[in-house]
Number of protein chains: 2
Amino acid sequence: MTIAEYLIGVLKKNNVTDVFGIPGGVVLDLLYTFEKTEGITPHLSYHEQAAAFEACGYSQVNHTLGVTYATRGPGFTNLITSIADAYADSIPVLFITAHTDIAVGESVRFEKEQELNTVPMIRNITKYAEVIENIDDIFKIEKAVAIALGRRKGPVFLDFASHLWNREICISQFGSYEKETIQNDSLDLVIKRIRGGLKKANRPVLLVGDGVRQANAVDDLKKLCDILRIPVISSRCGEDVGKCCENYFGYIGSHGIRYANFVFAKADYVIVLGNRMAFPAKSKSFSVALRNKTITWIDVDEKEVERIIDNTEVFQLDVRKVISALLESDINTVQVDKWISDCNYIRDKIADFDKCWTVSYLVKILNMIPDDFVITVDVGNNEFWVAQAYVLSKAKNRILYSKSFGALGSSVAKAIGAYYASGKPVICFTGDQGLQLNVQELQFISQEKLPIYICVINNSASGMIRDKELQRYKNKVIHTTKEGGYSVPNLQKLAETYRLKYEIWGDCEEFLSYSPVLLELRVQDEIPLRPLLPIGRVCQNMSPDLPANIFAELDAI
Amino acid sequence: MTIAEYLIGVLKKNNVTDVFGIPGGVVLDLLYTFEKTEGITPHLSYHEQAAAFEACGYSQVNHTLGVTYATRGPGFTNLITSIADAYADSIPVLFITAHTDIAVGESVRFEKEQELNTVPMIRNITKYAEVIENIDDIFKIEKAVAIALGRRKGPVFLDFASHLWNREICISQFGSYEKETIQNDSLDLVIKRIRGGLKKANRPVLLVGDGVRQANAVDDLKKLCDILRIPVISSRCGEDVGKCCENYFGYIGSHGIRYANFVFAKADYVIVLGNRMAFPAKSKSFSVALRNKTITWIDVDEKEVERIIDNTEVFQLDVRKVISALLESDINTVQVDKWISDCNYIRDKIADFDKCWTVSYLVKILNMIPDDFVITVDVGNNEFWVAQAYVLSKAKNRILYSKSFGALGSSVAKAIGAYYASGKPVICFTGDQGLQLNVQELQFISQEKLPIYICVINNSASGMIRDKELQRYKNKVIHTTKEGGYSVPNLQKLAETYRLKYEIWGDCEEFLSYSPVLLELRVQDEIPLRPLLPIGRVCQNMSPDLPANIFAELDAI
C-alpha cells in the first residue's frame, strides 16, 4: 500500500466520497490515486479558493469530513480564506498540500520559488497543522482527521513531501486515533441546574446554535422541545436547527429578528445549547438583557467556556449527551402557557414590520422549495434577507452560511460541495458582488450540469458597505454603487457564457423547472437592511423604531 | 492632519498615484481620505487577490511602490497569494488592512469572527509586517515604505486599528527613515576582480537579472555592454534587461533558450549582475557547467550571498554602484571576436530548432507592438512561449511575469496595474486556465474602458500540468484537458458579457486597432513545451535532442 492509498483509505473510512482541487506537479500522484480508487471522486475546480469552499460546503451539510487538495505555492495560499472560514464556523475539513523534498522552514526568497513554510501561516486558523516529511510522520493523518471531527470541529492541514505519495508502507505500524471527547463529570450537575432553572422560571427560553447539529443532536433536540414546549430562539447560523423545533421564534442578533430579540429580552431563564454566546461580547445591548435572567450555557469548546458572562453558569459538555440525559430524566412539560401566548402576541404584532419587498418575495420562493434541497447563502445584505425570509417561511431545509468569517463569494462553491454531499438539488442565494468574486466556478456547474439554482439578488450594489457609507458619510458613496464606480456585468450574457439557463425571477411557479439555471432578482439598490440595533439601545429596541405605543406595550410584557 | 492623511502623504512622497482595493467597514475612512486627496486615486477591484496583483503590476513597471488596501478577515486572507508573489519577485508593495479596536493576538474562534492575528500569517512572506495600534506606532509607516524600497525590494504589511484613521496627529513627531542601503567596502575589490577576470578570460559572459532594473541601472548596463562588447545572457525574468544590451543571447534555464544554455556552458568567466543564481541550486545540470569557469557574482541580498556556489566569488553590493564604478574605471572593449562569432554561430545554427508555430506567431505579434507598451504574461506554457518569442523578436518592451512564485491568474490584474503605472496600453498574454482564475477582473477593464489587449493563448488545456501527466503516467490525463474533465467557456460570449471587443487572432495587421479587446489564439492542445532539460544531462543538451552531428559540432566549440 502506498502512502497516498493509505491516506485515501483513512478518508473513505470517514465516509468521504468526493474531494475538490486543482492538479499541480506535487499532488499529481495523489490525484491519480484518487482517480483509481473506487468510491471516492476527485473533482476539478477553477480556483483553489473555490475548491476549498466546495469542501466546506460538502462538510457543512452533515458536519462530516470535507477534503481539498492543492499544489504548493499559490495553490496553498489560495486556500487560506477558506481555511479561516472553516475555522470560524467549525467546519471539519482536511486541507492537503505538498512540497518537493526541499526542506521547509526557510524563507521562500532564497532559491525556493514556490516553496513556502506553510504551517506557521495557517497555524492560528487550524486545529492542527503539520508537515509530513517521512514515514514516521504518517500517524499524523489519522490524528488530523480525529482532531478535525472531535469536540468543536474545525479544519486541519497536512503538507506532504511529494516523494512520499508512492512510497510503500506497512499499514499496521500506525496507531489509530479516537476522536477527542470531553469529560462528562458535570453532566449530573447540569441536569440538576436545568431542572431547577425550569422549575423556578416563568419565562424560560431555549437558545440553540449550529453546535446542536454539529453534535448530531437535532432529532433529540426536537424531542426535547416536544416535551418542554418552551419558546426556542437561535443564532442566525442555527436557524435551521431552530426551525426543527415547536415554538421557534427566530434568531437574535444586532441584525436579528425583532421579535426574537424581544423574546430574549423578556426571558428570565435561558438554556443555551451549542451556541457560543458571541452576542453579549459583541454588543452592549445584549448585556443589558442579561441582567434580568439566569443562564445555563453548554458549550463544547474549552476556550469559549473560559469567558465570564453575567448571570451565566457554563459547562463544557457535549450538547448531545446533555440533551440525551435530559430526555432520560423525568423532565416534563413546563407550564408556560401565558409566556408562550405573550411570545406569540409579540410576533404577530410585529412580524410584518420589517418585511421589505425582497423578504416577502423570498418567503414565497422558500415556501416552494422541497424539504430535501440544500440552501447556500452568500455574504452581504442578501444573507440577511434570506435569513429573515427563512424564519418567516415554511422552509426547514438545511441552510449553509459563511456566518462568522463572512467570506464574500463562497456560496456558489459551497452549493457545488453541498450537492455532492447530499445528492440533492441546491438553491444558491447570492448578491451581485459575491457572484462576481468567484464567478469562474460557474464553469464547474456548467460542465457537470449540476442541479443548482443560482438565485442572484441583484441590487447592482455592494449594499451592506453602501449602507455603512450612507450612515457615516451621508451623501457620498464610493465604490459600492453604479454612481460610485461599482458595476455588474449583464447576467443574462454571463449565464449564456456558462451555458446556464437564465430567467428573471417573476412567476415563481416556474422556479424549479430546470437546472442549472441563473435566476436574477432585480431589486432596487436603495433598499436598506433592516432591522438593525443601534449602539446604546437595548436589544429589543431596533431601528427603524416601532410606533411608540406598540413598543411601550410590548416592552411592558 | 489625520493618520489616514499622514499615511497618504507618505505614499504621495513616494510617487504613488493609484491604489487598489475593495471597500469594507474598517477601511472606509481610509478610502474616503484617498478619494478626497488630489493626485492619488483609489480604484475598485472585484477580488482582493486581483487588487493586490494590480498593485504588484503597478509596482513592477518601474519597481516603484505599489499599494493595496483590504478589509479585515477574508479581505486580508484574499491578499496572501499576491503578498507571496511580491516577496518571491522582490516587488515593493505596501499591503494595508485594518481591524476594529478588539485586540489582536488571540484566536479567531472565540467571538472574534472576522478578526485574525494577521502578522504571524504573513511574517515569512514580507520584509516587514506590523500592527499599528496607537499613535506611538505611526513611525512604522515611513519605516515600512523605506524597507519595501530598500536593498532587495519586497512587500511590507501594516494592519491598522480602524479607530486611528481619523485621529488627528502632529506630523513632526515621526522620524523619517532612509532606505536601507549596503556598505560599499568591497567595491574596489570587485572592480579589481572583474578587471582581472576579463583580462584572463577567453570566453567572458555577462549574466544579468531583474535586479539590474530594480537597482535602476539598465541605462548604465547598456553603456557597459557598449564598451565591453561581450555576450550577455539573462534569467527569464531579466530578458527585458538583456534585450537592452548588444550581443544578447537569451535566457538560461531548464526551460531556457537552447543557445543561451550553450553560451553559458561554454563560457570561462561569468560576471553575474542582479541575478540570484537560483539555477545551480535547482538543477545539477548547471552545476556541471560551473566547473570550467570562474564567476564573480554581485547580489544585494544578504541571505542569497550566504550560499556557496562552486567557483563563484560573491559580493553583497548594490549592482548600480558596481556598474557605475566599472564605467568610471578605464575599462575597455574586451577582445572576444572569435567568442562572439562562435556564439552567433551557435545561435544561427539552432535558433529555429525549438520554434513551434505558436512561438513563430507570437514573434510576429511582438514585432508589431510599439516600444512604450507594457507586456504582462501569465503562468504556464503560455509564459514560456511568450518568453521565447520575446527573445526572438525585435521587442524591447517592459515585460512582467509572476516568475518565482508562479501565480496562475495574475496577468490580467497586473495589466490593469501596469496601465495605471505607465499610462500606456498594455498587452496581456494569458492561457485559458489563468484567464478563468481571475476572470471577474474583466469587469474592471470593461467599466474603465482601459487600453488593454488580452491575448488568450487557448489550448483548452492546463498544458504544463498535462505535459507532466503525460511524462509520468503515459496515456491517461486527468483534469487538464477536455477529455480529462477540464473545460473553457466560450470566449466570444465571455467577451460580450464584459463588453470587450472579441477577435480570433488572425490578420495581425488589425491587432492594435481597438481596445479593450479579447483576442483568442486557438492553438492545438497537444503542442508540448520545448525545449526542456531532462534530469542528468548537461545544460546545453536539452530535449528534444539536436541531430547528433550538430550537437557534437556545437559542443566541441
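Visitor: How many residue pairs are in polar contact between chain A and chain B?
Guide: In this predicted model, the count between chain A and chain B is 37 residue pairs, both residues being at pLDDT 80 or more. On the side of chain A that touches chain B, the residues divide into 34 nonpolar, 29 polar and 23 charged.

Visitor: What makes the meeting of Asp29(A) and Arg472(B) a salt bridge?
Guide: The N to O distance between their side chains is 3.5 Å. The rule asks for a side-chain nitrogen of Lys or Arg within 4 Å of a carboxyl oxygen of Asp or Glu, and therefore the pair of Asp29(A) and Arg472(B) qualifies. Across the interface of chain A and chain B, the rule finds two salt bridges.

Visitor: What is the extent of the interface between chain A and chain B, in residues and in buried area?
Guide: Chain A contributes 86 residues to the contact, and chain B contributes 86 residues. About 7,400 Å² is buried between the two chains, with 56% of that area coming from carbon and sulfur atoms.

Visitor: Why is the relation of the chains called that of a two-fold axis?
Guide: A turn of 180 degrees, with a shift of 0.0 Å along the axis, lays chain A on chain B with an RMSD of 0.0 Å. That is the relation of a two-fold axis. Both copies use the same surface, since 100% of the contact residues of chain A recur in chain B.

Visitor: Which residue of chain A comes closest to the rotation axis?
Guide: Met121(A) does, its C-alpha lying 2.0 Å from the axis.

Key
Residues are numbered from 1 along each chain as its sequence is written. Chains are lettered from A and ligands numbered from 1 in the order in which they are written. This is a predicted model: local features need pLDDT of at least 70, side-chain atom pairs count only at pLDDT 80 or more; totals for chains, interfaces and linings use all residues. Side-chain values use heavy atoms; hydrogens and water are left out. Contact means heavy atoms within 4.5 Å. Buried area is the accessible area (1.4 Å probe) that two parts lose on being put together, summed over both. A polar contact is a pair of N or O atoms within 3.5 Å; within protein, one must be able to donate a hydrogen and the other to accept it, and residues adjacent in sequence count only if both atoms are side-chain atoms. Ala, Val, Leu, Ile, Met, Phe, Trp, Tyr, Cys and Pro count as nonpolar, Asp, Glu, Lys and Arg as charged, and the others, Gly among them, as polar. Copies are superposed by least squares on the C-alpha atoms of residues with pLDDT of at least 70 in both.
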